[in-house]
Every structure is written in C-alpha cells, then in structure tokens.
Amino acid sequence: MKLEEVVPWGRSLHEYRAMFSLRDEDLQLNILGCGDGPASFNAHWSALGGRVVSVDPIYAFSYDQILWRVEETYSTVVEQTRSNAHRFVWREECVMRFKDADHLGAVRLRVAETFLDDYFESGRKQGRYIAARLPQLPFADGTFDLGLCSHLLFLYSEQLGFDFHLASLREMARVCREVRVFPLLDLEGRPSPHLEECVRALRGGGLAVEVERVHYEFLRGANEMLRVRQVLG
Ligand SMILES: C[S@@+](CC[C@H](N)C(=O)[O-])C[C@H]1O[C@@H](n2cnc3c(N)ncnc32)[C@H](O)[C@@H]1O
C-alpha cells in the first residue's frame with residue numbers, strides 16, 4: 001500500500017465508545033481494532049487498563065512518514081468537510097459537539113498526535129500496533145473477544161467491493177468472538193449496497209447478525225452498527 005492512498009483522519013476514545021456502545025465492563029475484553037489508523041482509541045483504552053491490538057497497513061510506516069501524511073491531507077479534508085457541512089450533524093445535536101470544520105480539524109489533529117506519541121513511545125514495542133490488512137489477519141481462530149472496525153467497511157463501499165467486505169467480515173469473525181462495524185452508510189451518506197447481502201451470507205454461515213442503533217451520529221443518518229456474533233454450540 002502507498003501512503004499517498006491513505007487519508008489519516010482518526011477518531012477519539014470518546015467516539016469509539018459511542019460508535020460501538022462500549023461500556024466500562026468492556027475493559028476486561030481482549031479487543032482487536034481493524035483499520036484503526038491514527039485513531040487515539042488504542043492509546044487511551046490501553047491507558048485505562050484495557051487490552052487492544054490495532055491492525056492497519058499504515059503501521060508499516062514510520063512516525064515521520066505518518067505525520068507528513070496527516071499534515072499533507074489536513075487542509076484538503078477540512079475544506080471538503082466545510083463544503084459538505086450540510087451532510088454532518090454539528091454542535092448540540094452531535095454527541096461530539098463539533099462546532100464547525102475547523103474545530104473538527106483541530107480535534108482530529110490532537111487525536112493523531114496522541115496516536116503518534118503512543119505509537120512511537122511504547123505502542124509498537126508492546127505489539128499493540130501491527131501492520132496487516134483485511135481481508136487477512138495474522139491471528140489464530142478466536143484470539144479476541146471483540147473486533148471493532150470504524151470508518152472502513154461499508155463507508156468505502158464503492159472502492160472496496162462486496163467480495164472484500166464479506167471476506168473481511170468472515171475473517172474478523174474467525175479471530176473475534178464478536179465483531180462490531182460502524183458506520184453502515186457509504187461516503188455519500190447512502191446505505192451501503194453491500195450490507196444486505198453480507199448479512200444474508202453471514203447468517204447463512206451460521207453467525208448471529210444484528211443491526212443496532214447507537215448514540216453517535218456525525219455523518220447525517222449514520223447511527224447504526226453491525227454486530228456479528230459466533231453462535232455458541
Ligand atoms: C478513515 S480511516 C479510519 C480510522 C479509524 N478506524 C477511525 O475511525 O478513526 C480508514 C483506515 O483504514 C485503513 N485501511 C485501509 N485499507 C485497509 C485494509 N485492507 N485493512 C485494514 N485497514 C485498512 C487505512 O489505512 C485507514 O487508517
């Protein structure tokens with residue numbers, strides 16, 4: 001993967017908690033984050049005593065290379081958000097209270113800095129950041145209690161086809177007892193064209209699958225997560 005293909009725009013622990021309905025009890029779980037990129041979830045969850053491993057192809061790159069890409073893409077992403085402001089939920093309505101595109105950009109920069117410090121200081125040495133990519137994960141069956149995937153599957157429905165989605169969900173369900181994915185809309189804010197067929201195929205393979213409302217909505221209408229569970233025999 002080329003770093004030029006990635007827009008490193010990461011979310012905070014507060015957002016992960018809301019997107020995935022995470023509770024304090026979940027600190028006991030062994031968590032896998034797929035496509036965590038520059039999110040600060042791993043840094044903050046680990047600091048609270050949680051166990052989390054993040055996988056993302058960008059972890060093959062150095063601190064300086066990732067920082068360069070964050071800075072290079074920053075103004076483009078803020079400008080795109082500003083011109084599409086009507087597609088997002090701002091201020092009081094939004095769980096995150098983002099005021100405008102500049103405020104969002106400033107929060108995303110702080111998140112990336114938190115990630116980079118953790119990645120460089122201790123995260124990589126502790127094996128909490130692993131360079132790997134869906135649809136193949138370098139873990140044995142059932143290694144994790146919970147797998148999370150934020151703003152990758154379904155969001156990039158046009159770029160990543162149905163086969164990629166199904167193979168990725170099956171792979172996550174192989175290594176995690178439960179999988180949660182958010183959001184279920186594509187980049188245009190439309191329901192992902194892959195969702196229904198993925199749900200049918202996963203259920204056909206014996207997995208329990210539900211779509212659940214969550215207390216997070218920033219992209220207008222994106223307020224549901226997919227939950228996939230292994231059915232205990
Ligand atoms: C929009 S970012 C989301 C980052 C983070 N999950 C969040 O919500 O803040 C998408 C991430 O997916 C990663 N990614 C792209 N292709 C991937 C793949 N095949 N497997 C795992 N991660 C991938 C990118 O490198 C990027 O960090």
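**Entry 1: the Pro183 loop**

I started at Pro183, which sits in the loop between strand S5 (176-182) and H6. Helices (H or I, at least four residues) and strands (E, at least two) are DSSP runs, numbered from the N terminus. The model is predicted: local features need pLDDT of at least 70, side-chain atom pairs count only at pLDDT 80 or more, and totals for chains, interfaces and linings use all residues. Residues are numbered from 1 along each chain as its sequence is written, and side-chain values use heavy atoms, with hydrogens and water left out.

I checked the peptide bond between Phe182 and Pro183. That bond is cis, with omega about -5°. I found another cis bond between Leu134 and Pro135, where omega is about 10°. Pro135 belongs to the loop between strand S3 (129-130) and S4. I noted the background: most peptide bonds are trans, and most residues other than glycine have a negative phi.

**Entry 2: Phe154**

I went to Phe154 next, in the loop between strand S4 (144-150) and helix H5 (162-175). Its phi is positive, near 70°, and Phe154 is not a glycine. Is Phe154 buried or exposed? Phe154 counts as buried because its relative accessibility is 0%. The cut-offs are under 20% relative accessible area for buried, over 50% for exposed, and partly exposed in between (1.4 Å probe, protein chains only).

I listed its contacts (heavy atoms within 4.5 Å). Beyond four places in sequence, Phe154 contacts residues including Pro183, Leu184, Leu185 and Asp186. Leu195 and Cys198 are also among the contacts of Phe154. So are His165, Leu169 and Leu226. I also took one long distance: the C-alpha atoms of Phe154 and Ala106 are 26 Å apart, with their positions 48 residues apart along the chain.

**Entry 3: helix H6**

I looked at which residues of H6 (residues 195-204) are buried. They are Leu195, Cys198, Val199 and Leu202. Viewed down the axis of H6, these buried residues fall within an arc of 100°, so they line one face of the helix. The arc is taken over the directions from the helix axis to the C-beta atoms. On the other side of H6, I found Glu196, Arg200 and Gly204 exposed.

What do the buried residues of H6 pack against? Their partners are H5, strand S6 (207-213) and strand S7 (224-230). After H6 comes Gly206, with a positive phi near 90°.

**Entry 4: Arg227**

I moved to Arg227, in strand S7. Arg227 counts as buried because its relative accessibility is 13%. Its side chain makes a polar contact of 2.6 Å with that of Glu212. A polar contact is a pair of N or O atoms within 3.5 Å; within protein, one must be able to donate a hydrogen and the other to accept it, and residues adjacent in sequence count only if both atoms are side-chain atoms. Leaving out residues up to four places away in sequence, Arg227 touches Glu178, Val179, Arg180, Ala208, Val209, Glu210 and Glu212.

**Entry 5: Ser150 and the ligand**

I then opened Ser150, in strand S4. Ser150 counts as buried because its relative accessibility is 4%. A side-chain polar contact of 2.9 Å joins Ser150 and His151. Among the residues that Ser150 touches, beyond four places in sequence, are Arg11, Tyr16, Gly35 and Phe182.

I turned to the ligand shell. The ligand is surrounded by 20 residues, and the closest are Arg11, Gly35, Asp56, Leu134 and Ser150. A residue counts here if one of its heavy atoms lies within 4 Å of the molecule. By class, I get eleven nonpolar, five polar and four charged residues in the shell. Ala, Val, Leu, Ile, Met, Phe, Trp, Tyr, Cys and Pro count as nonpolar, Asp, Glu, Lys and Arg as charged, and the others, Gly among them, as polar.

I checked three ligand distances. An N or O atom in the side chain of Ser150 is 2.4 Å from an oxygen atom of the ligand. A backbone N or O atom of Leu134 is 2.8 Å from a ligand nitrogen. An N or O atom in the side chain of Tyr16 is 3.0 Å from a ligand nitrogen. How much of the ligand's accessible area does the protein cover? The protein covers 93% of the 600 Å² that the ligand has on its own, by the Shrake-Rupley method with a 1.4 Å probe.

**Entry 6: Ser21**

I closed with Ser21, in the loop between helix H1 (13-19) and strand S1 (30-34). Ser21 is not a glycine, yet its phi is positive, about 50°. Its relative accessible area is 30%, so Ser21 is partly exposed.
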